[in-house]
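The following exercises concern strand pairing, pockets and residue exposure. Please work through each task before reading its solution.

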Amino acid sequence: MGGSWVNSAAVLGTDLHLELVGPGSRRAALIRALREAVRTGRLAPGTKLPPYRSLAADLGIARNTVADAYAELVAEGWLSARQGSGTRVAQRAEPLRPSPSPAPRPVAARPVHNLLQGQPDAASFPRSAWLTSARRALTAAPNDAFGPGDPRGRPELRRALTEYLARARGVRTEPERIVICSGFAHALRLLFASPAVGGQPVLGGPLAVEEYGLEFHRSLLAAAAVRTVPLPVDEHGVDIAELPSSPALRAALLTPAHQFPTGVPLHHDRRAAAVNWARGTGSLILEDDYDGEFRYDRQPVGSLQGLDPDHVVHIGSVSKSLSPALRLGWMVLPEHLVEPVLAAKGEREAWAGVTDQLTLADFIERGAYDRHVRSMRLRYRRRRDRLVDAVAASAPHITVSGIAAGLHAVLELPAQDGEQGEEAALRAARWQGLALDGLTTYRHPDATGPARHGLVVGYATPPEHAFGAALEALCRALPDRRG
């Protein structure tokens, strides 16, 4: 009977952390602990305390000890008790003064208009369709989905990705060669960072990269002591002929479907040359397929991995197609890299959440992912067209490039203006309350070719109702019309 009471009290009560320390009886220690919790503000006025039976069960002391402690603190004015409402921390005429805290750091003013690249329209996240998939996935999930799991990721998602990537991106693989990660940056860390418990990284440097790319990725690689070697980029994409044949260079990081940020696809001759380089040198190509689903004025450009699954690592995510907040990505690996990557991934702390994996699997399998991508493709194309028309009307001397696909465009500034022209345009943009980047930001510091200058405009980022105002601010920030 006693055990039954303890279990009932433990289940029905609320948690309250108290440490009964110091001299004297358990009753005295409990009174001190409650007094200190109220005095320091940890228990705010009006906070309801647990019933004395459940607190006694949690602390392993007698019910009468808790009842007596509550009664004494009520008499002293620390607590108040009323029939039917339980015991609460008493209200005070003068609240306790908070302990001094450092002055808050000044917060930078947020821009009025956001045209930064790399972000989809967050307001367009398919909430209802995602919720439907979440309910379906949780209802159908086997019990083992909520156990330790597989470091590769949930088999449901890997099977769904195998079919989807083959159909939509021309990827050739099977579920056993897919490893779920949290996005492209996580994939780079798994490939180049040393495992948490000793051992060597999966890949080492130096690593060939395109001369224009994300500085964040270069910093991540530099932190892993990986030297990056820039390759020139022109109107046909990265110049594969510049890939050195040195055996020290074991990998190249490319964006073949849509070079980032210049926006050109890798020419078909260079695609073949890249694969031949990897085969001939025993090297790897890391394919960043960051926004391959979004194309407008061209036929789809399939995955480079489809040409040679043994020499290309295909890396993708839902950061552009759905939301970066989901933290879901994938690596399609050559068979010999699967176990080393899993070893680098380590224990469960670095694994993506199971419920989101199961939801995405259902979202893909029932066609909701395709429907969302196609819907957003139309919406983003309309935005791109509005951007092109607005720039043509207000600044016809500026060329808009990289617009056949993706979620951003490059506004190339007149060559004679140079870097000063780009800086002036960015200052004018800030004056208009506009957030966007200059093309120079993405250039590798060791690049030796002629620099290009312009503005990188992410036209997917603003919500639909704010896009028109953002375009107007952009046009006001552009350099004056030239004859």
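**Exercise 1.** State which residue of β11 stands opposite Ile 285, and place the two strands in their sheet.

*Solution.* Step 1. Ile 285 stands opposite Val 312 in β11. The model is a predicted one, in which local features need pLDDT of at least 70 and side-chain atom pairs count only at pLDDT 80 or more, while totals for chains, interfaces and linings use all residues. Residues are numbered from 1 along each chain as its sequence is written, and side-chain values use heavy atoms, with hydrogens and water left out.

Step 2. Strand β10 (residues 284–288) pairs with β11 in the parallel sense, over four bridges. Strands here are DSSP runs of E of at least two residues, helices are runs of H or I of at least four, and both are numbered from the N terminus. Two strands pair if DSSP finds at least two bridges between them.

Step 3. The order β4-β12-β11-β10-β9-β5-β6 describes an open sheet of seven strands with mixed pairing. Its edge strands, β4 and β6 (228–231), each pair on one side only. From one strand to the next the twist averages 20°.

Step 4. Helix α6 (residues 155–169) packs on this sheet and touches β4, β11 and β12; the directions of α6 and β4 make an angle of about 110°. Contact means heavy atoms within 4.5 Å. Axes are lines fitted to C-alpha atoms, for helices over the stretch in contact, and angles run from 0 to 180 degrees between N-to-C directions.

**Exercise 2.** Identify the pairing partners of β12 and determine whether its two faces are buried or exposed.

*Solution.* Step 1. With strand β4 (residues 178–181), β12 pairs in the antiparallel sense over four bridges; Cys 181 has Gly 329 of β12 as its bridge partner.

Step 2. With strand β11 (residues 312–317), the pairing of β12 is also antiparallel and has four bridges. Here Ile 315 is matched with Met 331 of β12.

Step 3. In a regular strand the side chains alternate between the two faces of the sheet. In β12 (residues 329–332), Gly 329 and Met 331 lie on one side, Trp 330 and Val 332 lie on the other, and all are buried. Buried means under 20% relative accessible area, exposed over 50%, and partly exposed in between (1.4 Å probe, protein chains only).

**Exercise 3.** Describe the lining of the largest pocket and of the second largest pocket.

*Solution.* Step 1. The largest pocket has a volume of about 650 Å³. Of its 32 lining residues, Phe 184, Leu 214, His 217, Asp 288 and Lys 320 are the closest to the centre. On a 1 Å grid over the protein atoms alone, a pocket is an open set of points where a 1.4 Å probe fits, with protein on both sides within 12 Å along at least five of seven lines; lining residues have an atom within 4 Å of a point. Grid points are joined across faces, edges and corners, and a volume is the space filled by probe spheres set on the points.

Step 2. At least two lining residues come from each of α7 (184–192), β5 (207–210), α8 (215–223), β9 (251–254) and β11. The most, four residues, come from α8.

Step 3. This lining divides into 15 nonpolar, 10 polar and seven charged residues. Ala, Val, Leu, Ile, Met, Phe, Trp, Tyr, Cys and Pro count as nonpolar, Asp, Glu, Lys and Arg as charged, and the others, Gly among them, as polar.

Step 4. The second largest pocket has a volume of about 240 Å³. Its lining includes Arg 110, His 113, Gln 119, Thr 461 and Ala 470. Two or more lining residues come from each of β3 (113–114) and α14 (464–477). By class, there are seven nonpolar, four polar and one charged.

**Exercise 4.** Classify the exposure of Ala 123 and of Asp 58.

*Solution.* Step 1. Ala 123 lies in the loop between β3 and α5 (127–140). Ala 123 counts as exposed because its relative accessibility is 56%. Its C-alpha atom is separated by 8.5 Å from that of Pro 462, 339 residues apart along the chain.

Step 2. Asp 58 belongs to helix α3 (residues 52–59). Asp 58 has 41% relative accessibility and therefore counts as partly exposed. Asp 58 and Thr 14, 44 residues apart in sequence, are 9.6 Å apart in space, C-alpha to C-alpha.
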